[in-house]
Amino acid sequence: NRGIVLVNNIHKRGRRLGLDIFKSAREELPLDLYGMGWEQVGGVSELPHAQLPFVCAQYRFLYNPIRYTSLGLSIVEAMMVGLPIIGLATTELVTVIENEVTGFLSLKPNELVHVAKELLADEGLAHKWGKNSRELAQE
């Protein structure tokens with residue numbers, strides 16, 4: 001009953017990769033960060049690529065705080081294991097995720113927190129969006 005965040009070296013890359021958004025959201029949500037440099041921000045660990053699907057499958061959703069990047073492979077991989085995607089409505093993510101179908105996107109971080117809390121409270125909703133997310137990734 002937690003969200004996963006997959007970002008390498010978020011502490012070095014700052015606002016561009018959403019360090020401020022991650023820190024703020026973590027105050028209200030149970031979020032576990034995986035990626036290089038995890039120690040700098042109180043994350044869980046670095047995650048070998050081969051373990052990514054197994055670890056992701058243990059979570060309720062992927063929380064993506066990134067403001068500026070292309071569509072990350074880790075997002076597609078999380079979708080493949082059936083995770084809904086919660087993230088900022090920026091760059092390529094808006095061409096993939098459909099609100100309340102495969103996840104939820106917004107430019108307002110407080111809205112992301114609100115929807116993430118809904119997914120934490122309603123496992124059935126998370127599974128429904130996650131199933132849709134997986135089907136889209138397979139497509």
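## Close-up views of a five-stranded parallel sheet

**View 1. Leu62 of strand E3 stands opposite Ile85 in strand E4.** In this predicted model, E3 covers residues 61–64 and E4 covers residues 85–88, and the two strands, which run parallel, are joined by three bridges. Between them the chain passes from E3 through helix H4, residues 73–80, to E4, and the β-α-β crossover made in this way is right-handed.

**View 2. Strand E3 is covered on both of its faces.** Phe61 and Tyr63 lie on one side of the strand and Leu62 and Asn64 on the other, and all four of these residues are buried. Leu62 also appears in the pairing with strand E1, where it is the bridge partner of Ile4; E1 and E3 run parallel and are joined by two bridges.

**View 3. Strands E1 and E2 pair in the parallel sense.** Strand E1 spans residues 3–6, and its pairing with E2 extends over four bridges. Within this pair, Val5 stands opposite Leu33 of E2.

**View 4. The five strands form an open sheet with the order E2-E1-E3-E4-E5, and the pairing is parallel.** Strand E2, residues 31–34, and strand E5 stand at the edges, and because each has a single partner strand, one side of each is left without a neighbour in the sheet. From one strand to the next, the twist averages 20°. Strands of a sheet in general pair through backbone hydrogen bonds, in either a parallel or an antiparallel arrangement.

**View 5. Helix H5 lies across strands E3, E4 and E5.** The helix is formed by residues 109–121, and with respect to E5 it runs at about 165°.

**View 6. Ser106 belongs to strand E5, which comprises residues 103–106.** Ser106 has a relative accessibility of 6% and therefore counts as buried, the cut-off for that term being under 20%. The side chain of Ser106 reaches the backbone nitrogen of Lys108 at 2.9 Å. When neighbours within four places in sequence are left aside, Ser106 is in contact with Gly87, Leu88 and Ala89, and also with Glu111 and Leu112.

Conventions. Residues are numbered from 1 along each chain as its sequence is written. This is a predicted model: local features need pLDDT of at least 70, side-chain atom pairs count only at pLDDT 80 or more; totals for chains, interfaces and linings use all residues. Side-chain values use heavy atoms; hydrogens and water are left out. Buried means under 20% relative accessible area, exposed over 50%, partly exposed in between (1.4 Å probe, protein chains only). A polar contact is a pair of N or O atoms within 3.5 Å; within protein, one must be able to donate a hydrogen and the other to accept it, and residues adjacent in sequence count only if both atoms are side-chain atoms. Contact means heavy atoms within 4.5 Å. Two strands pair if DSSP finds at least two bridges between them. Axes are lines fitted to C-alpha atoms, for helices over the stretch in contact, and angles run from 0 to 180 degrees between N-to-C directions. A crossover is right-handed if, with the strands pointing away from the viewer, the path from the first strand over the helix to the second runs clockwise.
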